[in-house]
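Me: Please take a close look at one exposed spot in this structure for me. I'd like to see how that spot connects to the rest of the picture.

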Amino acid sequence: MRFSSLAMNTSSSCAASAAGRVAVITGANIGIGYFIALQLGMSGLFQHIILGCRDTNRGQAALARMQPHFPPFVQASYLSLTLGNHDSHVAFREQLETYLVQQHQGDKNNNSNSDEFLPQVDVLVNNAAMAFKGSDPTPFAQPVSYTHLTLPTNREV
Ligand SMILES: NC(=O)c1ccc[n+]([C@@H]2O[C@H](COP(=O)([O-])OP(=O)(O)OC[C@H]3O[C@@H](n4cnc5c(N)ncnc54)[C@H](OP(=O)(O)O)[C@@H]3O)[C@@H](O)[C@H]2O)c1
């Protein structure tokens, strides 16, 4: 796979302006979500790229594939997330907060008071969902009903 049309931004001013900025992409192990995560990472606009995926192996594999294309100051991570499962949503949010606090505390260049740090997400790409494909032999009613499950779920995350 080639990424020749994408440019990796590695300048030091870029690293400074990206500091503390967080992008979360759900369903980032394949398809549109994968390439959005790849491009956000390569852009150098974010210090943290978080992949929310429901399968650990697929999530870790995607992370391993895209990470070499990121500038060195970008920290990418995979967290488990299954849409349609409330417990998974809660766990994802808690793990994300814990991860960002830990990253903040471990950042040697960080001069701010950790007691005042509030984790935040700058960009959420709520991509994960089913995509009805015309070639799919599944009866139309089934993917439509799954969409009704997925849309409210996406709003909750
Ligand atoms: N492709 C199109 O032409 C098109 C057009 C319009 C809109 N969209 C929308 O764009 C988004 C991505 O489409 P795509 O073609 O890239 O789809 P895709 O290749 O099928 O990828 C979907 C991603 O969402 C994840 N996902 C699905 N259900 C999930 C769930 N319950 N919990 C967590 N993750 C879940 C999948 O994980 P797994 O790998 O584990 O299954 C995968 O990572 C979808 O929301 C789709 O509706 C796509």
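Reply: Gln120 counts as exposed because it has 10 C-beta neighbours inside 10 Å. On this scale 12 or fewer other C-beta atoms within 10 Å means exposed, 20 or more means buried, and anything in between is partly exposed, with C-beta atoms placed from the backbone. Bear in mind that this is a predicted model, where local features need pLDDT of at least 70, side-chain atom pairs count only at pLDDT 80 or more, and totals for chains, interfaces and linings use all residues. Numbering starts from 1 along each chain as its sequence is written.

Gln120 sits in the loop between H4 and strand S4 (123-125); helices (H or I, at least four residues) and strands (E, at least two) are DSSP runs, numbered from the N terminus. In sequence, Gln120 is 97 residues from Ala23, yet their C-alpha atoms are 9.5 Å apart.

Ala23 leads us inward: along with Ala37, Ile49, Ile50 and Leu51, it touches the most other members of the largest nonpolar core, which has 30 residues. Such a core is a set of buried Ala, Val, Leu, Ile, Met, Phe, Trp, Tyr and Cys residues joined through C-beta atoms within 7 Å. Strand S1 (22-26), strand S2 (48-53) and helix H4 (86-106) are among the elements that each supply at least two core residues, while H2 gives the largest share, 5 residues.

Helix H2 (residues 31-43) also gives the most to the shell around the ligand, with 3 residues.
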